[in-house]
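This report introduces a protein model to a reader who has not met it before. It begins with one pair of helices and then turns to the interior and the overall fold.

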Amino acid sequence: MTRIRAALVAVLVPLLTATGCVVASSSGSDPLVASAPAPQSAPAGGAEAPAEEQIARAVFDRVNAEREARGLEPVAWNDALATVARHWSTEMADTGQFQHQDIRALLQGDELSGFRAVGENIFTATGPVPAGTIHSGWMRSDGHRANVLNPGWDRLGVGVFCAPDGSVWATQEFGRTAGSERPAVASTTPPAEPITRPDDDGPTC
């Protein structure tokens, strides 16, 4: 039987298990923070792409479908966030530790220069599951949904790792860029319904 776990952390600065939300941010007045990263194109995620890329693209598209349905601005893809997400999914698989990374330290480093805030959702399942299962698991959990539908985020990277033992590990890294004109990152939890993309379908490992 495939077991599924999900958790989130937001840094402002199924058996499905969700943990609490952690938030961290950098100072908005630091003159040394680089300018905001420009929007980037999400990976094509076509049939010829690796399964992990297909899943990441499908999850990204589902996030923006949910945001559009609720009158929120979409998030743009960011390669740096995606790299962080992919590395963390791989790290969790390698160590077998389902936990959040130190997002506050990450935000203060050079890798995410130009970001004022970062939010993280994580997911794992013991066997192959489609992108829709990952997405719907996050959407049915209050804290994870708060990240997916947070009006303050303007960038997103998704990283998926299909482990040799058949398990699946996924990470979403949401970001708020320096100088963003989006509303402040919210601490409220949006209602569960309606979920625009609830189906357990899409690409899988």
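## The pairing of α1 and α4

In this predicted model, helix α1, spanning residues 51–69, and helix α4, spanning residues 131–139, have axes that come within 9 Å and cross at roughly 40°. Angles under 35 degrees would count as roughly parallel; the crossing angle therefore makes α1 oblique to α4. The crossing of the two helices is right-handed.

On the α1 side, the contact is made by I55, A58, V59, R62, V63 and E66. The partners from α4 are A131, G132, I134, H135, W138 and M139. By character, the residues of this contact divide into eight nonpolar, two polar and two charged.

## The burial of α4

Helix α4 is mostly covered, with nine of its nine residues buried. Among them are T133, S136 and G137, as well as I134 and W138, which also take part in the contact with α1. Across the protein, 52% of the 205 residues count as buried.

## The nonpolar cores

In soluble globular proteins, nonpolar side chains tend to be buried together. The largest nonpolar core of this model has 30 residues, and I134 and V158 are those with the most contacts inside it. Two or more residues are given to this core by each of α1, β4 (115–125), α4, β5 (155–162) and β6 (168–177). Helix α1 supplies the largest share, six residues.

The surroundings of V158 can be described in detail. Leaving aside neighbours within four places in sequence, V158 is in contact with A56, V59, F60, W77, A82, A85, T171 and Q172. One of these, V59, also belongs to the α1 side of the contact with α4. A second, separate core has eight residues, including L81, I103, L107 and L112.

## The overall fold and a cis peptide bond

The protein has five helices and six strands. Read along the sequence, these elements follow the pattern β-β-α-β-α-α-β-α-α-β-β.

One further feature concerns the backbone. The peptide bond from E193 to P194 is cis, with omega near 0°. P194 is placed in the segment after β6, a strand that gives two or more residues to the largest nonpolar core.

## Summary

Helix α4 is buried in nine of its nine residues and crosses α1 at roughly 40°. Helix α1 in turn gives the largest share of the 30-residue core, in which I134 of α4 is one of the residues with the most contacts.

Definitions and conventions:
Residues are numbered from 1 along each chain as its sequence is written. This is a predicted model: local features need pLDDT of at least 70, side-chain atom pairs count only at pLDDT 80 or more; totals for chains, interfaces and linings use all residues. Side-chain values use heavy atoms; hydrogens and water are left out. Axes are lines fitted to C-alpha atoms, for helices over the stretch in contact, and angles run from 0 to 180 degrees between N-to-C directions. Helices (H or I, at least four residues) and strands (E, at least two) are DSSP runs, numbered from the N terminus. Angles under 35 degrees count as roughly parallel, over 145 as roughly antiparallel, 65 to 115 as roughly perpendicular and the rest as oblique. A crossing is left-handed if the near helix is turned anticlockwise from the far one by less than a right angle, and right-handed if clockwise. Contact means heavy atoms within 4.5 Å. Ala, Val, Leu, Ile, Met, Phe, Trp, Tyr, Cys and Pro count as nonpolar, Asp, Glu, Lys and Arg as charged, and the others, Gly among them, as polar. A nonpolar core is a set of buried Ala, Val, Leu, Ile, Met, Phe, Trp, Tyr and Cys residues joined through side-chain atoms within 4.5 Å. Buried means under 20% relative accessible area, exposed over 50%, partly exposed in between (1.4 Å probe, protein chains only).
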